[in-house]
Amino acid sequence: MSNIDMRKRRNVLKAAGVGMVTALAGCTGGGGSGSGSSGSAGSGTESSSGSTSTSQSGSGSESSGGGTLRFLGFGGNTQKSQMSVFEGWSQETGATVKGTSAGGTTEMISLIKQNPGSFDIVALNDTGMARAQQEGVIEPLNLSKVPNYEKNIKESARSLSFNMNGDETMGLIRENGATGFAYNTEKVDGDLNSWDALLDSKYEGKVSLIDRTIDRLSNSAAAAGLNINEVPDNQSKTDQMFERAEKENQNVFSYWGDGATSIRYLRQENAWICEAWGGRVLALQEEGYDHIEYVIPKEGAMGWADNLAVVKGSESRELAHELLNYTYKRENLLTLSDDMNYTVQVKNPPSEMQQLPDYAPAEDLAFRNWEKVLPKQDVWTQRLDKIKQS
């Protein structure tokens, strides 16, 4: 990304200011954000569900005494990046990590429930962490066995509510980002920095938005000047949020369910404006599509986080904690950030990370309160579907 682009991105964040914090939702102690009810925001293409990969055992010390762990992830670039870190652990310990990917949160939880004892570690977005706790498929972590987490991850990122159950830590934050929008600078007029761009009649049939209810409505709420955590218990605010979503629907030609589709729409110029994830847009720019710009609108944008957790009933709990501790070495966290194009909430983040499209310290981010929002998902989905069908 050019220096001009970087300055533009920082100016947008500065313009967002409190809006980025308050319009998204909640606070770090009271909610969860996520890349959606299904899927991850990784910067690569999604792999097909059920695909597997293996980090083979290697030579070296055998501090773990060998063994095999089963990892369930999102596929795509995030899975590839995570498995590359696991490979280093395999070479050091002589253990093996077998990876399986799923199409998203719903499929992940279903796989765990239908195949007890088949997985040890799972990557879940914040939506998934809220649902996984609700459905009892993950278990508390023993942080004394993962000292690198406290050593290297900021305190402000270690107590996010979707990763906590009272005083117990259920998940470890891995990477995070935001869902802003990308636009084709060769097709639109001027620099865009507001959700109001979605409403311009010049872009009829050239807008694509995310097809995940809570994610989509979080940004509609932000565009309407609302905090989505205050919407569920307020009919007037609920109506305002849906009125905004209906207006934003008018120029939409398609809703996308996975990040690879959003990038395809941008690459092929089906979409001139497309709700998107910063890491994927950065990867697109690195392919040579410099005319695709990413922005966090001044009204705010939905944040998300991907996390690692231990599956309930794992027969390799000690080994799983060893692998997690290895993953949270600083050098491995920086590798994940570099490979994924997303923020990892390390202490003293390097300047390269701070230049990522949607970088923000955890203390400056706000997260949705899933205790309030998740119960509304079904009824909100029905209402949003009616808007989309119209």
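How many salt bridges does a search of the whole structure find? The search finds 19 salt bridges, and the views below show three of these pairs and one network. The model is a predicted one.

**View 1. Overview of the protein.** The secondary structure of the protein consists of 15 helices and 13 strands. Of its 390 residues, 59% are buried. When contacts between residues at least 6 apart in sequence are considered, 81% of them join residues at least 24 apart. The protein exposes about 14,800 Å², and carbon and sulfur atoms supply 42% of this area.

**View 2. A salt bridge within helix α5, between E135 and R131.** The closest N and O atoms of E135 and R131 are 3.8 Å apart. Both residues belong to helix α5, which covers residues 126-135. E135 and R131 are four residues apart in that helix, about one turn. E135 is classed as partly exposed because its relative accessibility is 30%. R131, in contrast, has a relative accessibility of 14% and therefore counts as buried.

**View 3. A salt bridge between helix α8 and a loop, formed by R244 and D196.** In this pair, the closest N and O atoms lie 3.1 Å from each other. R244 is part of helix α8 (residues 235-249), whereas D196 is found in the loop between β8 (172-184) and β9 (207-210), so the salt bridge ties together parts that are 48 residues apart in sequence. R244 has a relative accessible area of 10% and is therefore buried. For D196 the relative accessibility is 43%, so this residue counts as partly exposed.

**View 4. A salt bridge between helix α9 and a loop, formed by R267 and E287.** The side chains of E287 and R267 meet in a salt bridge with an N to O distance of 3.1 Å. This pair links distant parts of the chain, 20 residues apart. R267 lies in helix α9 (residues 259-267), while E287 occupies the loop between α10 (278-286) and β12 (292-295). Both partners are classed as partly exposed: E287 has a relative accessibility of 48%, and R267 has a relative accessible area of 31%.

**View 5. A network of salt bridges that includes R244 and D196.** Which residues do salt bridges that share partners join into one network? The network consists of D196, R216, R244, E248 and E275. Among its members are the two residues of View 3, R244 and D196, whose closest N and O atoms are 3.1 Å apart.

Terms used. Residues numbered from 1 in each chain as written. Predicted model: local features only at pLDDT ≥ 70, side-chain atom pairs only at ≥ 80, totals over all residues. Heavy atoms only, no water. Helix = DSSP H or I, 4+ residues; strand = E, 2+ residues; numbered from the N terminus. Buried < 20%, exposed > 50% of the residue type's maximum accessible area, 1.4 Å probe, protein only. Contact = heavy atoms within 4.5 Å. Areas by Shrake-Rupley, 256 points an atom, 1.4 Å probe, with all protein chains shown as cover. Salt bridge = Lys/Arg side-chain N within 4 Å of Asp/Glu carboxyl O.
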